[in-house]
Amino acid sequence: MSSYMNPLIVQSDRTVLLEVGNPLYEEARDLLAFFAELVKSPEHIHTYAITPLSLWNAAAAGLTASGVLEGLERFAKFPVPPALRVEIQDLMGRYGKVRLMRGSDGALLLQADDPLLLTELWHQKTVRPLLLAERPDGLVVDPGARGQLKYAMIKIGFPVEDGAGYQTGAPLPVHLREISRGGRPFAMRTYQEQAVRAFHKEGSLFGGSGVIVLPCGAGKTVVGIGTMAAVGQQTLVLTTNITAVRQWIRELLDKTDLTPDQVGEYTGEVKEIKPVTVSTYQMLTHRNAEGERAVHLELLGARAWGLIIYDEVHTLPAPIFRATAEIQALRRLGLTATLIREDGRETDVFSLIGPKRYEVPWRILEGAGFIAAATCTEIRIGLDERVRLAYATADDRAKVRYAAENPAKDVIVQAIVARHPGEQTLVIGQYLDQLKRLSELLGAPLITGKTPEKEREVLYAGFKEGTIPVLVVSKVANFAVDLPDASVAIQVSGTFGSRQEEAQRLGRVLRPKANGQPASFYALVTRETRDQEFALKRQLFLTEQGYQYEITHGEAFLGGEPVGAPAP
């Protein structure tokens, strides 16, 4: 094939244009996912950005500069610009150029093969306060500043490879069962085993910290459990809510030889510290009064932990980042479906938790049958006549809410539920008034942040068992909620243009179904409003993962019946 038939145009400003209609589109897209970030995805040409962080994550995961360049050249219409070739080689070469190691006397040292680079760092104003002395074998680092140093170094363009090792936690042998306590055969999947190996690196100095990126439904909890078995030391698991805490505990007891007296819950309801303790980010950051230190953060140092697991690591609150900067001598595993953070703190995850160690594109796991196939449909609906005037005269914040809560969405939700009889359906939204209205229309229970935990568990159990066919949920269901039989998700409103939220909500329906049926994900959007602007941002995630995103209008979906304002 002539290079002019290839799908990529690689530009010297680190942007890459990808032709969607090209026969090689999918191959090129899967390649770019490893070292570039999708920034725009209109119908025909998608735009990717090659960033320093995306290249450093690729390098940490084992990809080389020559591998990146060979891939670009294979799919590019025109030669890769020479300046970009040099820049990719330079940026990827920076990962590992500076290392944290232990000296023969146990001192924490910043080392590099280039003595002049160390001299430059010694005089660098943001790095110098974290250093204690110059020595022939490296720069002596303040032991308490290990995290701060890595954070400062990435800000000046030199990501540190941390090989200083980790303290040994209290031993805790963990063995995986071949038959779960529930009586089902159990074995780690190949990609889960690969993820554990990529993180642990057989216990070497350069293993023990980093992030595993896998789709919702792909078994990130199993990767965490496998890592615990590999490390064999007492473990603290941090997750997003009490529901997730109890799911972790159930999984640990079901799939390992750990006993109930070895696994503890540390929440607002139960406070147990055991060899494996599972808690929430909110619990650790809770303050009794404004200005006080978070009263439970001491849990991080309360025991001789050998491993801390950060579930849904992309949601880490600032106090946990700060505390993590102080505990760099502990092994740290981050689990997530997406490294995207809406606050732009991806570099904090890289420097304080660790770089990306392993990732598998969603569509690859779908093709192998490990997650369900999914169809994604955006339904654009006119703004209801009752609120068009209010929207037109409102300020920006009110406009967002008017568009998101558009009453004309209600009839579409009812039509979707009717179109999927017998399928377990989640209706997911942001605004409680809207969700209460839909709960009443559908005759379906509602779960919000105010729903007591015991009631949530009863409703989730009823949904899993099929006695509750439709469940209306707020954003509390975005994270770490295991609803394996959900096959339809209807998103009626969301958090601005959050790509991470889109990942979590799609993930609610991606667990493989016993009957093999595909999943359906619907996003309801009020057209020609702020709602549609935010939807364009959320689409980026779905496009990046390879999902076809069908767009239709409410009138067409209803077979020509009017809904809201007429379609243009």
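Colleague: How many bridges join strand 18 (residues 424-428) to strand 20 (residues 470-473)?

Modeller: Start with the general idea. Strands of a sheet pair through backbone hydrogen bonds, either parallel or antiparallel. Here, strand 18 and strand 20 run parallel, and four bridges join them. Keep in mind that this is a predicted model.

Colleague: Which residue is the bridge partner of valine 427 in strand 20?

Modeller: Valine 472. Find valine 427 first, then look across to strand 20 for its partner, valine 472.

Colleague: In what order do the strands of that open sheet lie, from 19 to 23?

Modeller: Read 19-20-18-21-22-17-23. That is seven strands, with parallel pairing. The order in the sheet is given by pairing, so look for bridges when you trace it.

Colleague: Which are the edge strands there?

Modeller: Strand 19 (446-447) and strand 23 (549-553). Each of these two pairs on one side only.

Colleague: Now for the sheet that holds strand 10. How many strands form it, and is the pairing parallel or antiparallel?

Modeller: Seven strands form this open sheet, and the pairing is parallel. Their order is 12-13-11-14-15-10-16. At the edges sit strand 12 (263-266) and strand 16 (356-359), each pairing on one side only. Neighbouring strands in this sheet are turned by 20° against each other on average, direction ignored.

Colleague: How many bridges join strand 10 to strand 16?

Modeller: Three bridges do, and the two strands run parallel. Strand 10 covers residues 209-213. To find the pairing on screen, take valine 211, which stands opposite lysine 356 in strand 16.

Colleague: On to helices. At roughly what angle do the axes of helix 2 and helix 4 cross?

Modeller: Look at two things, the distance between the axes and the angle. Helix 2 (residues 52-60) and helix 4 (residues 82-94) have axes that come within 8 Å and cross at roughly 60°. That angle makes helix 2 oblique to helix 4. Their crossing is right-handed.

Colleague: How does helix 3 lie against helix 4?

Modeller: The axes of helix 3 (residues 65-75) and helix 4 come within 9 Å and cross at roughly 150°. Angles over 145 degrees count as roughly antiparallel, so helix 3 is roughly antiparallel to helix 4. This crossing, of helix 3 and helix 4, is right-handed.

Colleague: What is the angle between helix 8 and helix 9?

Modeller: About 55°, with the axes 11 Å apart. Helix 8 spans residues 220-231, and helix 9 spans residues 242-255. The two are therefore oblique to each other. Helix 8 and helix 9 make a right-handed crossing.

Colleague: Last topic, empty space. How many cavities of 30 Å³ or more does a search of the whole structure find?

Modeller: The general idea comes first. Rolling a probe the size of a water molecule over the atoms shows where empty space is left. Here the search finds two cavities of 30 Å³ or more. The largest holds about 120 Å³ of space.

Colleague: Which residues of its lining are closest to the centre of the largest cavity?

Modeller: Lys150, Val160, Asp162, Phe350 and Pro355, out of 13 lining residues.

Colleague: Which element gives the largest share of the lining of the largest cavity?

Modeller: Strand 9, with three residues. Strand 9 (160-162) and helix 12 (346-353) each supply at least two residues of that lining.

Colleague: How many residues of the lining are nonpolar, polar and charged?

Modeller: The lining of the largest cavity has six nonpolar, three polar and four charged residues.

Definitions and conventions
Residues numbered from 1 in each chain as written. Predicted model: local features only at pLDDT ≥ 70, side-chain atom pairs only at ≥ 80, totals over all residues. Heavy atoms only, no water. 1 Å grid on protein atoms, 1.4 Å probe; cavity = no way out; pocket = protein on both sides within 12 Å on 5 of 7 lines; lining within 4 Å. Points joined across faces, edges and corners; volume = space filled by probe spheres on them. Nonpolar A, V, L, I, M, F, W, Y, C, P; charged D, E, K, R; others polar. Axes fitted to C-alpha atoms, helices over the stretch in contact; angles between N-to-C directions. Parallel < 35°, antiparallel > 145°, perpendicular 65-115°, else oblique. Left-handed = near helix turned anticlockwise from the far one by under 90°.
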